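Reader: I've got a new model open and want to know how its helices pack. Walk me through them, please.

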Amino acid sequence: MNIFYTNSLLSYIKRHLLTSAPFLTPFKLINAAIAAVEMQLGRLRCKSRPITYRIDPSTACNIRCPGCQSHTEKTTQKRLLSLTDFKTIVDKIKRFSIRIALYDSGEPLLNQNIYKMIGYASDQGIGTSISTNFTLFEPDKHLDALMESRLTTLQPDLDGITQEIYEKYRIGGDVETVKRGIEAVVKRKKETGEKYPIVEPQMIMFEHLMPEKGEIEAYLKEVGVDKFTWKPDDWGFNPAQMEGAQNRETPSRCMWLYLAMMIRPNGNVYPCCGRGLNRLSYGNILEESIDKIWNNKYYQFSRKLFTPGLDLEFDPEMENLPCHSCTLFKKARVMKPNPAKQAAEPSS
């Protein structure tokens, strides 16, 4: 069974980087090699730049999954990425980028410019992927645009073969719409002989989904998708105990801080795809250069947490860094507590 782990470098390479190999240039290959060495050495200042980017075209969503906050969290931040801003971002990262993932906290197909964005990235020689609930995809309206965009990888969510099981998590979605979309894309590929997009449905390993596991896999094989992937339930909704999904050692070095960058619709940069629309931003790529952001004080402090040494002195400016509460990677040290708060606490 193909299982994808979000914090695994091996899974990351197998699922994303191997499909992005056609988009490598000599410069990108050298940059990627330097990034890998700098991650291994735990460098605080990096000569390399991120090789993959997650650019969120929409932080809104049309369905209400219990493990997601996009439909409940309030924010004053921009929720849809404009095509102009997307092109500005791509122009700043295209020398380094092997792949752009056009999704994160919301549903990418809510952005009416999504296929134009994918097409622009393709024109710049960058691989692309979208993870989508696929309930907004209408073959008669969208199939031509999808194929013309030259999307590299399509990852539709199929958390059930029947509506009864599917809607336990994908609340407000219609599983038949998802299946019709998958079938339409696969059929068009077979008719035209196109290699892309690679159609890779993904399912989350929920306990309630296990009775339909065999039926889901049989359906996908019959349709003829390129591959399909199971993902552990990292949200704690009702995780299934599946062979191969337990007893995994927590990685000791955060790959996000060396290989990838997360960008929201307003240009704000974050160190990873962690939850929360109102997290501390590490910079804004629409206002600053990638060189300035990648080695700024926030990135260097975060990298320190994953390199051996004495615990770091308290710094009020770094108190809200999301890396402090991360449990996906094993930190080598922590920041000392706020001495002012300690002094104010009554002694026992």
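**Helix packing and two backbone oddities**

Author: Start with H3 and H4: H3 passes H4 in a right-handed crossing. Right-handed means that the near helix is turned clockwise from the far one by less than a right angle, and left-handed means anticlockwise. Helices are DSSP runs of H or I with at least four residues, strands are E runs of at least two, and both are numbered from the N terminus.

Reader: Before we go on, what sort of model is this?

Author: It's a predicted model, where local features need pLDDT of at least 70 and side-chain atom pairs count only at pLDDT 80 or more, while totals for chains, interfaces and linings use all residues. Residues are numbered from 1 along each chain as its sequence is written, and side-chain values use heavy atoms, with hydrogens and water left out.

Reader: Okay, so what's the angle between H3 and H4?

Author: H3 (residues 83-93) and H4 pack at about 20°, and their axes, lines fitted to C-alpha atoms over the stretch in contact, are 10 Å apart. H3 is therefore roughly parallel to H4, a label for angles under 35 degrees.

Reader: Which residues meet there?

Author: From H3 you have Leu83, Phe86, Lys87, Val90 and Asp91, and they meet Lys116, Met117, Tyr120 and Ala121 of H4, with contact meaning heavy atoms within 4.5 Å. Sorted by class, that contact has six nonpolar, no polar and three charged residues. Here Ala, Val, Leu, Ile, Met, Phe, Trp, Tyr, Cys and Pro are nonpolar, Asp, Glu, Lys and Arg are charged, and the others, Gly among them, are polar.

Reader: Next up, H4 and H5. How do they cross?

Author: At roughly 20°, with the axes of H4 (residues 114-123) and H5 coming within 8 Å. That makes H4 roughly parallel to H5, and their crossing is left-handed. H4 brings Tyr115, Ile118, Gly119 and Ser122 to the contact, while H5 brings His142, Ala145, Leu146 and Ser149.

Reader: How many charged residues in that contact of H4 with H5?

Author: No charged residues there, just four nonpolar and four polar.

Reader: And H5 with H7, what's the angle?

Author: About 45°, with the axes of H5 (residues 139-149) and H7 (residues 175-192) 11 Å apart. H5 and H7 are therefore oblique to each other, and they cross in a right-handed way. On the H5 side the contact uses Pro139, Leu143, Asp144, Leu146 and Met147, and on the H7 side Arg180, Gly181, Ala184, Val185, Arg188 and Lys189. The class count for H5 with H7 is six nonpolar, one polar and four charged residues.

Reader: Leu146 has come up twice now, right?

Author: Yep: Leu146 of H5 is in the contact with H4, and Leu146 is also in the contact with H7.

Reader: Switching topic to the backbone. Which peptide bond is cis?

Author: The one from tyrosine 196 to proline 197, with omega near 0°. Proline 197 sits in the loop between H7 and strand S5 (198-199).

Reader: And what's phi at phenylalanine 134?

Author: Near 65°, so it's positive in a residue other than glycine. Most residues other than glycine have a negative phi, and most peptide bonds are trans.

Reader: Where is phenylalanine 134?

Author: In the loop between strand S3 (127-132) and H5.

Notes:
Axes are lines fitted to C-alpha atoms, for helices over the stretch in contact, and angles run from 0 to 180 degrees between N-to-C directions. Angles under 35 degrees count as roughly parallel, over 145 as roughly antiparallel, 65 to 115 as roughly perpendicular and the rest as oblique.
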